[in-house]
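Trainee: Got a minute to go through this one with me? I'd like to start with the helix packing.

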Amino acid sequence: MNVLTDNLPLFGEGFLGTVELTVYSSLLALALGFLMASFRVAPVASLRAVGTVWVAVLRNTPLTLLFFAVLLGLPRFGLVLPFKVFAVLALGCYTSAFICEALRSGINTVPRGQGEAARSLGMTFGQTLTLVVLPQAFRSVIPPVGSTLIALAKNSAIAGAFSVTELLGTYKTLGELGYDVVWTFVWIALGYLVVTLAISALFTALERTWGVAR
Amino acid sequence: MTAAAPGATALYDVPGPRARRRHRLYGILTTAAVLALVAWVVYLLFDTGQFTHTKWTPFQYEGIQRMLLRGLGNTLKAFAIAAVLSLALGAVLAAGRLSDHRPVRWAATVVVEFFRAMPVLVMIFFVFVALKVQPLPALVAGLTLYNGSVLAEVFRSGVAAVERGQREAAFALGMRKTQVMTYVLVPQAVRAMLPAIISQLVVALKDTSLGFLITYEEFLHAGKLIASNLDYDLPFIPVVVVISPIYIGMCMLLSRLAHWVARWERRSPKTEAVDVAPAEPGTLLPRGVPPGPREPGRQ
């Protein structure tokens with residue numbers, strides 16, 4: 001127990017690090033994922049190709065390899081940024097591929113007739129998109145996006161192993177201070193549970209408000 | 001997988017001649033932008049001296065080639081052990097979750113939900129640091145616990161997705177509980193879930209690279225050893241250029257297999273009483289719907 005109480009600042013710092021990484025990477029992943037999803041459903045073949053390659057490559061890249069390439073490789077190009085920014089880049093790009101697929105299959109669940117009906121009512125492309133297609137797609141997209149973001153929060157642990165300030169990273173310091181390792185890990189595990197359960201609760205609430213009526 | 005051909009979504013009408021011309025223009029602009037980006041990266045690679053002779057010499061040496069191969073072998077070894085063990089663990093946990101005895105069901109649920117909610121890396125580090133285990137067993141233990149729990153959910157939802165009439169008919173024929181499971185429900189469930197199972201194995205294959213972080217001598221570790229060698233002028237980029245296609249290629253092959261199996265099973269008459277899951281790994285939302293049967297818009 002006193003592992004936690006003695007080192008509250010350290011745990012707090014790690015916890016905040018995890019939350020910060022998760023929030024920033026989620027924003028990046030959602031933005032990039034949306035962009036790539038719009039590429040993937042575009043009527044222009046080369047845009048679709050860009051989206052397809054992005055998803056196929058990133059979904060099949062081990063995240064550790066991506067971290068390795070970004071954290072150790074990009075500085076060789078003379079691009080020197082704080083480790084945290086690199087970690088957000090790697091996590092965000094990796095997750096964006098999964099977000100993209102979730103959004104795309106959400107858009108594909110909207111029946112074609114909806115769009116045809118909207119157009120036959122004289123709606124413009126923008127109106128069709130914002131008033132008819134996206135609201136319906138949004139409903140079915142909530143659960144998969146939620147689980148993708150939970151996966152992102154869990155993946156942020158890899159950043160900790162690459163010495164970004166993060167919850168998992170605290171075990172090293174505490175081990176050196178001679179605290180019991182098992183209890184350290186119990187508290188680390190609890191910290192991750194808090195983060196994942198919070199995201200899960202958020203998305204359950206979203207789902208209850210806007211989800212598809214089953 | 002639904003093709004994203006224009007017109008397959010609700011978004012666009014079939015383009016007319018003017019729209020087609022506009023799309024062609026966009027296409028040319030995109031291609032130009034992509035080519036410019038590629039050219040810029042290649043220029044950067046040359047500019048920062050990534051194609052110098054010294055940086056690429058290590059790959060000529062047999063010792064280093066052998067080291068890379070050994071690393072690849074270790075990666076595949078960890079993957080094979082973890083895959084077999086997590087399939088076994090998944091089967092056991094799924095049986096527990098489907099049990100008629102409440103304590104068993106309850107225990108299995110707790111185990112599955114806990115290990116699904118934990119980052120794999122935390123488990124691997126726990127086994128490695130706290131239990132002081134060798135890197136390979138630690139990696140395999142972490143991967144097995146996580147993927148086993150996810151697979152348990154996949155198996156369970158597969159069994160639940162088999163049409164109710166199948167179970168009822170089997171009971172009506174006088175089969176016992178175990179017979180109903182082993183002869184009727186499980187064979188259909190496994191067929192239906194095979195794409196999701198293979199996709200989860202892709203996750204396991206990708207996660208073997210976490211062994212790098214606990215000094216397991218796998219593929220990435222071998223790469224790191226070469227990359228941090230001063231004699232060859234720290235060839236990080238060459239190592240990434242050599243290693244990533246192999247890693248990504250392996251995972252892509254396995255993903256492709258999952259998609260192929262999904263298409264094949266969907267056509268098979270043996271999956272008529274159950275919906276085949278799409279080739280996607282399991283979801284992570286606690287109480288979330290695992291991939292497949294209930295996902296809207298798919299057959």
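**Helix packing, core and contacts**

Mentor: Sure. In chain B, the axes of helix 3 (residues 62-97) and helix 9 (residues 219-227) come within 7 Å and cross at roughly 155°. Helices here are DSSP runs of H or I with at least four residues, strands are E runs of at least two, and both are numbered from the N terminus. Axes are lines fitted to C-alpha atoms, for helices over the stretch in contact, with angles running from 0 to 180 degrees between N-to-C directions. This is a predicted model, where local features need pLDDT of at least 70, side-chain atom pairs count only at pLDDT 80 or more, and totals for chains, interfaces and linings use all residues. Residues are numbered from 1 along each chain as its sequence is written, while chains are lettered from A and ligands numbered from 1 in the order in which they are written.

Trainee: OK, so are helix 3 of chain B and helix 9 of chain B roughly parallel or antiparallel?

Mentor: Roughly antiparallel, because of that crossing angle. The cut-offs are under 35 degrees for roughly parallel, over 145 for roughly antiparallel, 65 to 115 for roughly perpendicular, and oblique for the rest.

Trainee: Which residues make the contact between helix 3 of chain B and helix 9 of chain B?

Mentor: Helix 3 of chain B brings residues including Ile64(B), Met67(B), Leu68(B) and Arg70(B), and helix 9 of chain B brings, among them, Phe219(B), His221(B) and Ala222(B). Contact means that the C-beta atoms of two residues, placed from the backbone, lie within 7 Å.

Trainee: What about helix 6 of chain B and helix 8 of chain B, how do their axes cross?

Mentor: At roughly 155°, with the axes of helix 6 (residues 135-161) and helix 8 (residues 177-207) of chain B coming within 8 Å. That makes helix 6 of chain B roughly antiparallel to helix 8 of chain B. Among the residues in contact are Leu143(B), Asn147(B) and Val150(B) from helix 6 of chain B, and Leu185(B), Val186(B) and Ala189(B) from helix 8 of chain B.

Trainee: And is the crossing of helix 6 of chain B and helix 8 of chain B left-handed or right-handed?

Mentor: Right-handed. A crossing is left-handed if the near helix is turned anticlockwise from the far one by less than a right angle, and right-handed if clockwise.

Trainee: Switching chains. How many helices and strands in chain A?

Mentor: Nine helices and zero strands. The C-alpha atoms of chain A fill a box of roughly 70 × 45 × 20 Å along the principal axes.

Trainee: What share of chain A is buried?

Mentor: 51% of its 214 residues. A residue is buried if 20 or more other C-beta atoms lie within 10 Å of its own, exposed if 12 or fewer, and partly exposed in between, with C-beta atoms placed from the backbone.

Trainee: Got a good buried example?

Mentor: Try Gly106(A), in helix 5 of chain A. Gly106(A) is buried because 23 other C-beta atoms lie within 10 Å. Its C-alpha is 4.8 Å from that of Ala137(A), though the two are 31 residues apart in sequence. Leaving aside neighbours within four places in sequence, Gly106(A) is in contact with Ala137(A), Ser140(A) and Val141(A).

Trainee: How many residues does chain A put in contact with chain B?

Mentor: 57 residues of chain A are in contact with 49 of chain B. Helix 7 of chain A gives the largest share of the chain A side, 13 residues.

Trainee: And the largest nonpolar core, how many residues does that have?

Mentor: 136, and those with the most contacts inside it are Leu121(B), Val122(B) and Ile124(B). Helix 7 (residues 125-161) of chain A gives the most to this core, 16 residues. A nonpolar core is a set of buried Ala, Val, Leu, Ile, Met, Phe, Trp, Tyr and Cys residues joined through C-beta atoms within 7 Å.

Trainee: Last thing, backbone oddities. Where does Lys132(B) sit?

Mentor: In the loop between helix 5 (120-130) and helix 6 of chain B. Its phi is near 50°, a positive value in a residue other than glycine. Lys132(B) is exposed, with 9 other C-beta atoms within 10 Å.

Trainee: And what is phi of Thr215(B) near?

Mentor: Near 60°, again a positive value in a residue other than glycine. Thr215(B) is in the loop between helix 8 and helix 9 of chain B, and counts as exposed with 11 C-beta neighbours inside 10 Å.
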